[in-house]
Amino acid sequence: MTTDLWPQVERLLRESGRSIERPTRYLNHEWGCTYKPDAAYRFCMVYPDTYELGQANQAVRILCNRVNLVEGMAAERAYVPADDMADAMRAAGIPAFSMESCAPIAEFDAVGITLPHELAATNVLQLLDLAGIPLRTENRTENDPLVMGGGPCVLNAEPYAPFFDVLMLGEGEEVLPELLRMHRDMLAQGVSRADMLHAMAKVPGVYVPSLYDVVSEAEAQERGSWIVPKYDDIPTVIEKRIWEGFATSDAYEPQVVPYAELIHDRLNIEILRGCTRGCRFCQAGMMYRPVRERSADNIVAAAIRGLSETGYDEVSLTSLSTTDHSQIEDILRRLNRTFEGTGISVSIPSQRLDSFGVDMAELVAGGKRGGLTFAPEAGTQRLRDVINKNVTEEDLFTAVRASFEAGWRRCKLYFMIGLPTETDDDIKGIASLVQRAYDVAKQATPEGQRGNIRMSASCALFVPKAQTPFQWDGQIAPEEAIRRINLLRNSVKYRAIDIHWHAPDVSQVEAMMSRGGREVADVVEAAWRKGEHFDAWTEKFSLDAWKEACAECGVDFEGTAQRTYDTDYIPPWAHLSLGIQTRYFQRERQLADEAKTTPDCTYEHCTVCGVCMGLGSKIQLQGVRS
Amino acid sequence: MMEGEFKIRVTYAMRGRLVMLSHLEVARALERAVRRADLPFAVTQGFSPHMKLAFGAALPVGVGGDHEIFDVTMTEYVDPDEALRRLQDASPYDLMPESVEYITREVKAASVAYPFGTYRAVFDGPVDGLQVPDSITVIRKKKEKQLRPADFLVGALEKNGNEMLFTLEAKPSGSLRPDVLVNAMLDGAEDGLVNTDLGAARSDTRLHVVSLMRIAQRAE
Ligand code: SF4
């Protein structure tokens, strides 16, 4: 029997009155929840941030649905309580709880935590602590739940390694239920925790960090790997899992409809997976290869069913590159026809310069004319070739012209500062590009309305990511970043153009986390003990705390973020493989230096990244991409 | 309401954990229930078309209602029993429609239809010691304001064991929230002071509210 904490939680919320913000975060029984109170085996899926940020997360939704499909297994969701609630819970002796049955997280058989971005690391510790689960795998006993992790950060798992019993690399649809079944069987047989972990380490796509010793940097370079397995029968390289069934599986799946107001509160239909445009800084583009599309019929049917079951008034066609879908126009036309006169809108997560025509604009926006966003990322053609962002100035200007002629008045352009090989000319190039885009917008806008034009450039510091061709490149120092942004500001002559700049503090910690080895885990714990959590919330983040934590743990903060290596350097994540050959990363890095581009394999030929051959997978399109 | 449009008034109960929802959250949840029920709702014209819906007087967070109302404008006539059945199938238990009736254009808008609300507060102990204070300090738009409960209470406040029953009138100039009144009474019982800061620390020997519901609403 699971404990129901709701009476205590309800009383806490009632008694606290308005001193606890948004009590709706802690209610459950949302529409569309799956309840399996009789299931003997219970799994809790955690998003390591507050309800508002986590509820819309697709990994949580997909994995809970997959586990709930298993007979006798229940999956529930959990989020990190905000500080006001966490304090009140600690004072009242209430541990972190799940949504569906409001049960203590520590009572579940297994807990899965998705790791969406580097700044969530301290929230993992916050949640484990509130749940009363020992932070490190070495301190957990037979009575503690199995703590599992997955998601993008597992691409360099080392800074998280000591906090997880088991990590999963790649797509979790199959491997998660597989591991949970194994766990259930072994629990029934009374297998010890140590033996369970050993058995799980043999499952493809699974990394059990405690079963590997970490060697010194010098030794790692010699051996070609930072880890040494403690047993002969566990792999030395862990390869990611791919869910082969994605393209043919039903695009419809149950979705919880929250009561709380969220930023992106709508029905999500995942229409394709993967993007092989091959931007050299982009981790997601490397992670979800190869590209797999679902069919138009599947998608349209799923949107209709999903809307009628949830009552949402918006459906978003999600993926890394929605407009690349070979049937996207057909899909949008069919959906628009179906939902005419119901106030339902169809949206796509981001617009692409090179495939964004006026037709597409009309199809996604309906009557609305919100802001448009485009991401040229770099200011000159040379640098865009370096990063393999295959868009030209003309693409940008055509898209801007088309959209302003069609009635748009606001446009935001995204850029990165500090990309490899960047010079001052590239920075000035951003100013020039934005100003000329403004001129194009002005020409396309009737004279009387030109005062309404808003054009802005949003800049962020480049963060080198593990498992990308730029993984060896250091981040530029923050002082240099500030010099460059000032150069940009001074280069912009038009008063009507806004330059937004994200302070580099957060990006520095991201780079350190993205590139660090297992020693960084101590830094994460030290930072959390200093009060760091909800680091993705600017007002809660403190760069000093992170630097102090590094100093205490003997980790070189600047060096970890900023050092540049040759491409034959073995990084701390070399044992984790996306199926992409190191040779491919090296070749791409070399082509970057030569400012030579590599085409998208879904439009042209295979460029031999290695995924399809290595993992026995293949591109699955529904038609010819054009 | 245009010619050829029909308006229904839906009465629903809001209870259980969903009394924690804010008015905006309730509004959104009800709109989604109407969509799920697939009623032929009318949509406004213009750039961002939305459902023609109107809601009754708001309830404060933490206060439920046995017979709350909202109005939906429809483009087709649907048998009220059928409409109710569809709404019920599309609603969570704690936000459940209980009746549907057609209303004419002369009927007052849902938000001002019922200025008189009767509330039942249930506590975890006898309420004999609780007194209505002469005056309550509330914060409105960052300014302190004194409200006299006597100006809003209609008839006598009844005490019965662990329960209290009272009726409040919403005035065009403002209203007294039922939860504010109840908390002021609790604070008065505890330390002789009136404190409407709901977050203030309190000793644990005091009475606790178990539930606070608007059990009836009327026009006069
Ligand atoms: S192996 Fe070739 S076809 Fe497959 S994802 Fe890599 S580049 Fe594309």
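Hi everyone, let me start where the two chains meet: chain B and chain A bury about 2,800 Å² between them, and 52% of that is on carbon and sulfur atoms. On the chain B side, the residues that lose the most area to chain A are Arg17(B), Met20(B) and Arg32(B), which together make up 28% of what that side buries. Please keep in mind that this is a predicted model.

So how many residues of each chain are in contact across this interface? There are 34 residues of chain B in contact with 34 residues of chain A. If we sort the chain B side by class, we get 17 nonpolar, six polar and 11 charged residues.

With charged residues in the picture, let's look for pairs. Side chains of opposite charge can pair when their charged atoms come close. Across the interface of chain B and chain A, the rule finds two salt bridges. One of the pairs to look up on your screen is the salt bridge of Arg32(B) with Asp265(A), where the closest N and O atoms are 2.9 Å apart. You met Arg32(B) a moment ago, among the residues that lose the most area to chain A. There are also 10 residue pairs in polar contact across this interface.

Which elements of chain B give two or more residues to the side that touches chain A? They are α1, residues 23-37, and β10, residues 209-218. The largest share comes from α1(B), with eight residues.

Now let's step back and look at chain B as a whole. Its C-alpha trace spans about 60 × 35 × 30 Å along the principal axes. The secondary structure of chain B comes to four helices and 10 strands. If you walk along the sequence, the pattern reads β-α-β-β-α-β-β-β-β-α-β-β-α-β.

Let me zoom in on a few of those strands. Strand β5 of chain B, residues 116-123, is joined to strand β9 of chain B, residues 163-169, by seven bridges, and the two run antiparallel. To find your place in that pairing, look for Tyr119(B), whose bridge partner in β9(B) is Phe166(B). Strand β9(B) also pairs with strand β8 of chain B, residues 153-160, again in the antiparallel sense, over five bridges. Here Asn160(B) stands opposite Glu163(B) in β9(B). The hairpin of β8(B) and β9(B) has two residues between the strands, and in it Gly161(B) takes a positive phi near 60°.

Over to chain A, and to its sheets. In what order do the three strands of one open sheet lie? The order is β10-β13-β14 of chain A, and the pairing is parallel. At the edges are β10, residues 267-270, and β14, residues 345-347, each pairing on one side only. On average, neighbouring strands here are turned by 25° against each other, direction ignored. Strand β10(A) pairs with β13 of chain A, residues 314-318, over four bridges. Within that pairing, Glu270(A) has Thr318(A) as its bridge partner in β13(A). Helix α10 of chain A, residues 296-310, packs on this sheet and touches β10 and β13 of chain A, with its direction at about 160° to that of β10(A). Helix α11 of chain A, residues 328-339, lies across β13 and β14 of chain A and runs at about 170° to β13(A).

There is a four-strand sheet to show you as well. This open sheet of chain A has the order β15-β16-β17-β18, with parallel pairing. Why is one side of β15 and of β18 of chain A left without a neighbour in the sheet? Strands β15, residues 372-377, and β18, residues 497-501, stand at the edges with a single partner strand each, so one side of each has no neighbour in the sheet. Neighbouring strands in this sheet are turned by 25° on average, direction ignored. Inside it, strand β16 of chain A, residues 410-417, and strand β17 of chain A, residues 454-461, pair over eight bridges. Among the partners, Ile417(A) is matched with Leu461(A) in β17(A). Helix α15 of chain A, residues 424-443, lies across β15, β16, β17 and β18 of chain A, at about 170° to β16(A).

One last stop, back with the charges. Over all chains, the rule counts 55 salt bridges. One of them joins Glu52(A) to Arg25(A), with the closest N and O atoms 2.8 Å apart. Glu52(A) lies in helix α2 of chain A and Arg25(A) in the loop between α1 and β1 of chain A, so the pair ties together parts that are 27 residues apart in sequence. Thanks for listening!

Note on methods: Residues are numbered from 1 along each chain as its sequence is written. Chains are lettered from A and ligands numbered from 1 in the order in which they are written. This is a predicted model: local features need pLDDT of at least 70, side-chain atom pairs count only at pLDDT 80 or more; totals for chains, interfaces and linings use all residues. Side-chain values use heavy atoms; hydrogens and water are left out. Contact means heavy atoms within 4.5 Å. Buried area is the accessible area (1.4 Å probe) that two parts lose on being put together, summed over both. A salt bridge is a side-chain nitrogen of Lys or Arg within 4 Å of a carboxyl oxygen of Asp or Glu. A polar contact is a pair of N or O atoms within 3.5 Å; within protein, one must be able to donate a hydrogen and the other to accept it, and residues adjacent in sequence count only if both atoms are side-chain atoms. Ala, Val, Leu, Ile, Met, Phe, Trp, Tyr, Cys and Pro count as nonpolar, Asp, Glu, Lys and Arg as charged, and the others, Gly among them, as polar. Two strands pair if DSSP finds at least two bridges between them. Axes are lines fitted to C-alpha atoms, for helices over the stretch in contact, and angles run from 0 to 180 degrees between N-to-C directions.
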